[in-house]
Amino acid sequence: MEKKQLKEMSVQEYLDKFMLSRKIEEAVNAAVRAKTPDPVLFISNHMKKAIPSVITKIKARQILDSRGIPTVEVDLYTNKGVFHASVPSGDPAGMYEAVELRDGDKGTYLGNSVTKAVKNINEKISEALIGRDPTQQYEIDQAMKDLDTTEKKGELGANAILAVSIAVCRAGAAEKEVPLYKHIADLAGKTNLILPVPAFTVLSGGKHAGNNLAIQEIMILPIGACKFEEALKMGSETFHHLKVVITEKHGAHGCNFGEDGGFAPNISSFKEALDLVEEAIGRAGYNERIKIAIDVAATNFCMGTKYDLDFKAPNKSVQNFKSGKDMIDMYKELCADYPIVSIEDPFDREDWDHTKHFSSLGICQVVGGDLLMSNKKRMERAIDEFTCNALLLKVNQIGTVTEAIEVVKVAKDAQWAVVASHRCGETDDTFLADLSVGLSTCQIKAGAPCRGERLAKYNQLLRIEEELGDQGIYAGEDWRAAC
């Protein structure tokens, strides 16, 4: 209705409706008082500030993520500029996460096209949001949820809703003339801005690599760095030392990459993998300053009540099937032998009892990824039952910026740590970096210190740290704090 009214207005009616004549006069007077050398530029900037921002157009398209699989990109227009967002995608983790809407036509992109989600943005969501103030993040996110009507955003698609939600967040920051991370902090009611400790993927396995290693990722955490800039240097140097170590032991073909950018030598032993990483840390000279984290993703190799550590091997060994108790004993041994400080998804996502028991030992941080799926109801159960002590935040499992802020608050109120996480299918969008700082998650997991879509997040954190100057605090030794 608003768009039709604007089209039907005469120039004079438009000037009168928005009181532009008065605002133009005020801008000219301000330019005169300022004695500006470029009055046209001054007046233009003055007018931009004088007129509240509104969403004028939303355009979505299908692009490809880092795996070559379609995902959604959005351009959101206001009278202050154009704001872009693209969303990551991952392997669906179950019935508790928001729905990533795909076309299902096996004849196009093997059924992975997202043209339905794109159409929902260009038609339904766009129509509902034109004319809205982009600083009203909660109201806009709620409007999209109401438009969808389903609990898991299955009608419009969480990939459609999130892309718009992120673009709105960027537009809101521009309207307030503050950095994106500061706008997110304001939305969350936070005042402290913390640069997170990065969990760099250095070895890949599980479903993310073609080797025989059952666990999905081995990561390094430079908790001994003084600044994020130093942490990135430590991670990069160790990564390159690891390449040399792997080449010496397994040849150059052992340095193939997994989906997240970690090396994927054809090994199956947990200890052999950890030995490689520990040697690389030592060669880099960071023995006491870098710790190790692992993402087991045990759901991928849980067979009933047993865990098949040879699930990727061509000739499986019955002897390598382990019970929940066996897995706990293995983790205890690994944590005693190596500087492991965090384990993600040590058991199947429905194996609450063993996860709770392992967490109660207090050996290391226990992160709920597949266990929680960033789902508020599962989080509340885990909090009540003391099942784990950290949340893996995957925003596309929730679907809006507002809901991401809400689940982080739930986690921190429970004194949990929070790990802001990428997905296996990433884009060069850097929103995750700003989100991590704005919400002071203290930890970020964005893949290896290589590959453009991963480094985009880490490089953005460098820029944020530089911009914050002395106000930017690196989490460092406080990486587990509920900041």
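## A helix across the sheet

Helix H7, residues 158–176, lies across strands E1, E2 and E3, and runs at about 35 degrees to E2. Keep in mind as you look around that this is a predicted model.

## The three-stranded sheet

Let's turn to the strands themselves. They form an open sheet of three strands in the order E1-E2-E3, and the pairing is antiparallel. At the edges sit strand E1 (55–64) and strand E3 (81–86), each of which pairs on one side only. On average, neighbouring strands of this sheet are turned by 20 degrees against each other, with direction ignored. Helix H5 (residues 115–129) also packs on the sheet, where it touches E1 and E2. The direction of H5 makes about 175 degrees with that of E1.

In general, the strands of a sheet pair through backbone hydrogen bonds, either parallel or antiparallel. Here, strand E2 (residues 70–78) and E3 run antiparallel and are joined by six bridges. If you would like to trace the pairing residue by residue, tyrosine 77 has valine 82 in E3 as its bridge partner, and aspartate 75 has histidine 84 in E3 as its partner. The connection from E2 to E3 is a hairpin through two residues.

## A salt bridge from H7

Side chains of opposite charge can pair when their charged atoms come close. How many salt bridges does a search of the whole structure find? The search finds 31. One to look at is the salt bridge in which the side chains of arginine 170 and aspartate 429 meet, at 2.9 Å from N to O. Arginine 170 belongs to helix H7, while aspartate 429 is in the loop between strand E14 (417–421) and helix H15 (431–438), so this pair ties together parts that are 259 residues apart in sequence.

## The second largest pocket

Now for a pocket you may want to find on screen. The second largest pocket has a volume of about 420 Å³. It is lined by 17 residues, and the closest to its centre are Tyr96, Glu151, Asn375, Lys376 and Glu403. Two or more residues of the lining come from each of helix H13 (376–385) and helix H14 (401–413).

Which element gives the most to the lining of the second largest pocket? Helix H14 does, with three residues. And what is the make-up of the lining by class? Eight residues of this lining are charged, six are nonpolar and three are polar.

Key. Residues numbered from 1 in each chain as written. Predicted model: local features only at pLDDT ≥ 70, side-chain atom pairs only at ≥ 80, totals over all residues. Heavy atoms only, no water. 1 Å grid on protein atoms, 1.4 Å probe; cavity = no way out; pocket = protein on both sides within 12 Å on 5 of 7 lines; lining within 4 Å. Points joined across faces, edges and corners; volume = space filled by probe spheres on them. Helix = DSSP H or I, 4+ residues; strand = E, 2+ residues; numbered from the N terminus. Nonpolar A, V, L, I, M, F, W, Y, C, P; charged D, E, K, R; others polar. Pairing = 2+ DSSP bridges. Axes fitted to C-alpha atoms, helices over the stretch in contact; angles between N-to-C directions. Contact = heavy atoms within 4.5 Å. Salt bridge = Lys/Arg side-chain N within 4 Å of Asp/Glu carboxyl O.
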